[in-house]
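Visitor: Got a minute to walk me through this one? I'd like to go over the chains and where they meet.
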Amino acid sequence: MNELVIQGVSRTFPGVRGGTPTLALQPTHLEIPRNDFVTILGPSGCGKSTLLRIIAGLDRPTTGKVLLAGMEVKGPGADRGMVFQSYTLFPWLTIRENVAFGLRERGVAEKEKWEIVDSYIDKVGLRGFENHWPKQLSGGMQQRTAIARALANGPRILLLDEPFGALDNQTRGLMQELLLGIWEREQKTVIFVTHDIEEAVFMANRVVTMSARPGRIKSITPVDLPHPRHYTVKASPEFSELRARLTEEIRGEAIVAATHG
Amino acid sequence: MTVGIDMQPLQPIRHSTRIALGILFFVLFFLAWGIATLGGFVSPTFLADPITMLNDGIYLITAQGFAYDIGMTIWRVVGGFVLASIIAVPLGIAMGAYKPIEALLEPFVSFARYLPASAFVPLLILWAGIGEMQKLLVIFIGAVFQIILMVAVAVAATRRDLVEAAYTLGAKDRGVVRRVLIPANAPDIAEILRLVLGWAWTYVIVAELIGASSGIGYMIINSQALMATGQIIFGIIVIGVIGLISDFAFKSLNRKLFAWRLA
């Protein structure tokens, strides 16, 4: 059974000051089974973030609908956890309180709440930083907290919008392994948006590529690399072959996106 | 102490240097004043010298019960200001959070903000007499619209991504207001209150210049009749000192309450 069904979802942004409306996303179909790890890969402006925001309920589709476990998505909710590219920890809450935000909002009992929070703080390796303010943490640690905050809420599906986009290369590699490790142990339906081809291949069960202006799904590529995946897999011939293929596909789109600005 | 001052744009300076420079200007100011008056460059009729001012101040406090006037003025400022804050802060938050409320109130508040509080004094005397209520109302009118508008602007400018993060964590509309919009803007709101409290001091003196029988402003207008410029200056300086103290208190309280901002 499919956990998430995207049925003919499109998005048109109204024209600014009477200008022509912009079609950001062509009617899109996609089905994602339970515990799948899908990465959405595309150049900027291909509508991948728009699609993710529609799934999250932060944006409304112009046509079509999104079904999560058979229920139509009408707005944002705790069943879809989201990690943003920008650092969105609440700066007035400590790390521990940030992770507890969703649980508190849903009225989970104190004792149970802190047990869940502490277990996720352990999982993302932030023990010892529970009582720090977000500002005192590095970008990578802040994004780890954001992942813990989303997961602690027990969502059916985890949505990530270029979560490691602002991090340096080394930190990004470590974060990929951390997230993949959590997914391998706990199983979860994940949609991960990125413009980094290597990241898309390394993380995914399936890579969905999107083309630019207007955005639409161009291809779906299964990734059959075995789990648990170690970072050394990035040097394997299978990985290189996938990367080369996707690079070729995305390159054309990036050229289109760059020339039509 | 040697004050090594290296002037470069935006270059921070040592804490001790900062304090020394701050005090230095006060010293220079009093020095210039002393030279102008004691040196005979300015007639004492128009400007008392610092020593006369101090003597007048001691006289005011010991013989004229000026401490009571100071107390009255502080109570009026605090009373009017607290009254204005209690009404304005929630209204400002509601305006910033909900666009229909903003659309309803923003034009009126923007208009009312420019109504000079001092011009209301005659009307308020007509409505509320010359008692304490009239003094509080002058400050209330002077402060309430300013606070509403500034709080509304701060709340409306809350980072969208924080609000969206809260929604994806299962927060409802009320939760977003209570647990994101308010805490995110609490330091700004405190800073707005600190600023407006400073303005409230201007209004209270204006309120006390007309129809008052106590307060620092009342003393000042009385001293004018006596040509006692020393007393007037002492009164003005007392206001400045109280303002400085309340400003310091506000700042250090904000630092304590909103440690996350400075972390």
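Guide: Sure. A term to begin with: a residue is called buried if 20 or more other C-beta atoms lie within 10 Å of its own. Keep in mind that this is a predicted model.

Visitor: OK, so why is Ala84(B) buried?
Guide: Because 26 other C-beta atoms lie within 10 Å of Ala84(B), and the cut-off is 20 or more.

Visitor: Which helix is Ala84(B) found in?
Guide: Ala84(B) belongs to helix 3 of chain B, which covers residues 66-97.

Visitor: And what does Ala84(B) touch, leaving out residues up to four places away in sequence?
Guide: Ile139(B), Phe140(B), Ala143(B), Val144(B) and Ile147(B).

Visitor: How many Å apart in space are Ala84(B) and Leu10(B)?
Guide: C-alpha to C-alpha, they are 37 Å apart, with their positions 74 residues apart in sequence.

Visitor: Zooming out, how many helices and strands does chain B have?
Guide: Chain B has 11 helices and 0 strands. Its C-alpha atoms fill a box of roughly 70 × 60 × 30 Å along the principal axes.

Visitor: What share of chain B counts as buried?
Guide: 34% of its 263 residues.

Visitor: And the contacts in chain B, how many of those join residues at least 24 apart?
Guide: 70%, taking the contacts between residues at least 6 apart in sequence.

Visitor: Switching to the interface. How many residues does each of chain A and chain B put into the contact?
Guide: Chain A puts in 23 residues and chain B puts in 14. On the chain B side, helix 7 (160-168) and helix 8 (173-209) each supply at least two residues.

Visitor: Which helix of chain B gives the most there?
Guide: Helix 7 of chain B, with 6 residues. By class, the side of chain B that touches chain A has 9 nonpolar, 3 polar and 2 charged residues.

Visitor: Now chain A. In which sense do strand 1 and strand 2 pair?
Guide: Antiparallel, over 8 bridges, with strand 1 of chain A at residues 2-13 and strand 2 at residues 22-33. Within that pairing, Thr12(A) has Leu23(A) as its bridge partner.

Visitor: What about strand 1 and strand 4 of chain A, over how many bridges do they pair?
Guide: Over 5 bridges, in the antiparallel sense, and strand 4 of chain A spans residues 63-68. There, Ser10(A) stands opposite Thr63(A).

Visitor: Remind me, where do side chains go in a regular strand?
Guide: They alternate between the two faces of the sheet.

Key: Residues are numbered from 1 along each chain as its sequence is written. Chains are lettered from A and ligands numbered from 1 in the order in which they are written. This is a predicted model: local features need pLDDT of at least 70, side-chain atom pairs count only at pLDDT 80 or more; totals for chains, interfaces and linings use all residues. Two strands pair if DSSP finds at least two bridges between them. Helices (H or I, at least four residues) and strands (E, at least two) are DSSP runs, numbered from the N terminus. A residue is buried if 20 or more other C-beta atoms lie within 10 Å of its own, exposed if 12 or fewer, and partly exposed in between; C-beta atoms are placed from the backbone. Two residues are in contact if their C-beta atoms, placed from the backbone, lie within 7 Å. Ala, Val, Leu, Ile, Met, Phe, Trp, Tyr, Cys and Pro count as nonpolar, Asp, Glu, Lys and Arg as charged, and the others, Gly among them, as polar.
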